[in-house]
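Please open the model in a viewer and set the side chains to be shown as sticks. The tour proceeds by selections, each followed by a description of what is found there.

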Amino acid sequence: MSDSNQSEFIYPSQAVIDQANVSDYEALYNYSVTDREGFWAEQADTLSWYKKWDSVLDESNAPFYKWFDGGSINIVDNAIDRHLKNANRNKMAIIWEGENGQVRNFSYNGLNREVCQFANVLKSMGVVKGDIVTIYMPQIPELVFAMLACAKIGAIHSVVYGGFSTEALASRIDDAHSRVLITADGGWRRGKQIDLKSIANDAMSRSPSVEVCICVKNNELDVEMEPSRDFWLHDLKALPIASPKCETEQTSSEDPLFILYTSGTTGSPKGMVHTHGGYAVYTSTTHRMAFDIKPEDRWWCAADPGWITGHSYIVYGPLINGATIMLYEGAPNYPYPNRWWQIVEKYGINILYTSPTAIRGLMRFGERWPQKHDLTSLRLLGSVGEPINPEAWKWYHKVIGQERCPIIDTWWQTETGGFMICPLPITPLKPGSATKPFFGNEITIVDDDGEEVGAGEEGKLIINNPWPGMARTVFKDDQRYQDLYWSKVGDKWRYLAGDSAKKDSDGYIWVIGRMDEVLKVSGYRLGTAEIESALISHPAVNEAAAIGLPHELKGNAIHTYVILKQGMVGDQKLAAELRAHVGHEMGKIATPESVEFVESLPKTRSGKIMRRVLKARALGQDEGDLSTLEE
C-alpha cells in the first residue's frame, strides 16, 4: 500500500460531528488509559446490577483477569428486563425477514414473553445454572430467544453456526459435554431448504452426552424425530410448563455466559469463555460509542448470531442499548443483487455493519442495483471480519453511503469480545485503516524481539492491557489460553493478537492480516492483504487471494487467484497486465509469479478466504480441517 494512500483523509461532515455522542476522542481516550478502572466503572454504572462490584479489575492471577469481581448481574436483566420498566417496553426489538419474504416482528415486551417461555421449557428439561446448552440453528428469531433463555436462567450457551457439518457440530457438543441440543428442522439458502435436523441427528449419534433435543419448526421438511429424545418447541410451548413469566437468575459478574469455538490454522477448535459482567459492559459500550447509537436507530449487523460478531453486535450489545435490530435469513444477492438495498429502504435501516467480503461480492454487480433504492435512511456504515481494501472501502462510502456516511471499520476477535481498534463517527478516516484504539486500549506494533517498531514498519500487533470484554480462558484448558495469547515482559503481561500490522506517522493502525498470512519474499515481508488490495485496485478485478509458495531463490514466490468483474475475460494478456499492476502499486518485489483466474475462492462461512486451502491444493498436500468451509 503506497504512502499516498496512507496520507489520504476523508473527513466527517459537520452534521455528523454536531450530533455525535462523543465530541472529543483524544481527551476521553487519554482519560481512559490513565484511569482505566475509573473509565470502565463509569461505563458499568450505565447498566443494571443486583449488587455492585468489590473491585473493577482484579489482576492478582494475571493473565486470568477478573472484571467487576464480587458484582451480581445478569446480561438478560440489561438486554430485556430493564426495558420493560420504561418506554422501550413497546418499542420494536427485532424485525426479522426470511429469504422467502416472511416477516416477524417482536417488541421488547414480546421478546420477553418468547424468552421466558423458552427459559421455562429449558428448565422443564432439567437445565440448571452452569449447564452448557448447544444451539445449532438457522438465522431465525428462535436462535436469539434460545441464547437469551439460556443466559436468563444462568445456563451457558454454545452456539454452533448453522452452516457447520456433522463433524464440526459433534466435536463441539463433545467438548462442551452438552446434555441438551437446540436445533431446527431446516433453514433457507438461495431458495433451497437446508436439512439441519439430519445433520443434528448424525452429530447426536456420535455424541452420547445429548439426552434432549428441542427442535424448532422453521420449514416443512419431513425430519426424523427420536420419540424419547426429540421434542418440537411448538408442542412444548403449548403445555403449562411454558409460562410467559420467568424470573431472571442472579449471576456473578465472572459467571460464564457462553462458550464460542474458534478455529485457528493449527490444533483443535478453541472454546473461548466469556462472562456476564465484563462482556455486558464492553459490548454495550463499544456498540454505543463507536456507532453513536440513538434511541430511534434501526441497526442491521448483517452477520449470523452463530459468530462472535452476531453474539456481540446482533444480540447482546444492541439489546442492552435498546436498539431495534434487523435480522435476515438468506443470501445478500438472492433472488437479485438488490436484496440488501431493498431491506435498507423497506425498513429504514440507519446503520449497516457487514464484512469486506460481502461488500466486494455486491460490488461485482455494479452501481445500478443499489441506485434502484432510496438509501438515505443510512447514517453510518461499518466493516468487520478482515482488513477492508481501499477500493471496496471507497465503493461502500460512495455508492452505499453516498459520501455522507462515515465507515466504522472495526478490528477485533472472538477472543476480545468487542471492538479493539475502530474510529468514532467524528474521526477523520483513511480508507483501509481501522484508525485508532478504542477507549481503554493501548496498542503497540513490535518486532520479533518484542521491541516497538517505527512508523510505517510492519510488526506484530500487541495489546498492552486487559479489557472487560476479554475471554477469560479456553474452556477446560487454562494453559493453552496462556500459551497462545499472552507474553510476559518484566512483570507486565501483553496480549498477542496473532495479526500483523503497522502504525503510520499519524498514529493510524493498518491491520495487514494474520501473521501466518505474511509472506517473506527475498527478505521482504509482504502482507497477503496488501497484495490483494493492489490487485483489486485494477478495474477488471473484483476479488483476489494471494499465497506464498516455496521458491529456491526468493524463499517464497507470490501466487495469486483472481475473480474478475462481470463481463471481463481472463487471458494471458490480462494476467501480465495484473502482474505489472501489482509491481507498480507495491514495487517490483511484490510482482506475482502467477495470476490464475477463478470463479470462486475457498472461504469460511463467515466470508474469510482460506488461503491455507489454496496453498495445500497448489502443493498437492492434505487440505486439513474443512469444517468451516463454505459449500
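Is Y313 buried or exposed? Select Y313 in this predicted model: with a relative accessible area of 0%, Y313 is buried.

**First stop: Y313 and W412**

Add W412 to the selection. Y313 and W412 form an edge-to-face aromatic pair, with 5.1 Å from centre to centre and 85 degrees between the planes. Y313 belongs to helix α12, while W412 lies in the loop between β20 (407-409) and β21 (443-446), so this pair ties together parts that are 99 residues apart in sequence. W412 is likewise buried, at a relative accessible area of 10%.

**Second stop: Y161 and W307**

The count for the model comes to 38 aromatic pairs. For another of these, select Y161 and W307: the ring centres are 4.8 Å apart and the planes stand at 35 degrees, so the pair is tilted. A tilted pair is one whose angle is neither under 30 degrees nor over 60. Y161 is found in the loop between β7 (156-159) and α8 (166-176), and W307 in the loop between β16 (298-301) and α12 (308-320); the pair therefore ties together parts that are 146 residues apart in sequence. Y161 has a relative accessible area of 15% and is buried. W307, at 19%, also counts as buried, because the class requires a value under 20%.

**Third stop: an aromatic cluster**

Which residues should be selected to display one aromatic cluster? The selection consists of Y25, Y29, Y31, F39, W40, Y282, F438 and F439.

**Fourth stop: charges over rings**

Select K217 together with W232. The charged end of K217 sits over the ring of W232, at 4.6 Å from the ring centre. Then move to K430 and Y508, where the charged end of K430 sits over the ring of Y508, 4.9 Å from its centre.

**Final stop: helices α6 and α7**

Display residues 108-124 (helix α6) and residues 141-152 (helix α7) as ribbons. Their axes come within 8 Å and cross at roughly 65 degrees, and the crossing of α6 past α7 is right-handed. To view the contact, select L111, N112, E114, V115, C116, F118, A119 and L122 on α6, and E142, F145, A146, L148, A149, C150 and K152 on α7. Colouring this contact by class gives 11 nonpolar, one polar and three charged residues.

How values were computed
Residues are numbered from 1 along each chain as its sequence is written. This is a predicted model: local features need pLDDT of at least 70, side-chain atom pairs count only at pLDDT 80 or more; totals for chains, interfaces and linings use all residues. Side-chain values use heavy atoms; hydrogens and water are left out. Axes are lines fitted to C-alpha atoms, for helices over the stretch in contact, and angles run from 0 to 180 degrees between N-to-C directions. Helices (H or I, at least four residues) and strands (E, at least two) are DSSP runs, numbered from the N terminus. A crossing is left-handed if the near helix is turned anticlockwise from the far one by less than a right angle, and right-handed if clockwise. Contact means heavy atoms within 4.5 Å. Ala, Val, Leu, Ile, Met, Phe, Trp, Tyr, Cys and Pro count as nonpolar, Asp, Glu, Lys and Arg as charged, and the others, Gly among them, as polar. Rings of Phe, Tyr and Trp (its six-membered ring) pair if their centres lie within 6.5 Å; planes under 30 degrees apart count as stacked, over 60 as edge-to-face and the rest as tilted. Buried means under 20% relative accessible area, exposed over 50%, partly exposed in between (1.4 Å probe, protein chains only). A charge sits over a ring if NZ of Lys or CZ of Arg is within 6 Å of the ring centre and within 35 degrees of the ring normal.
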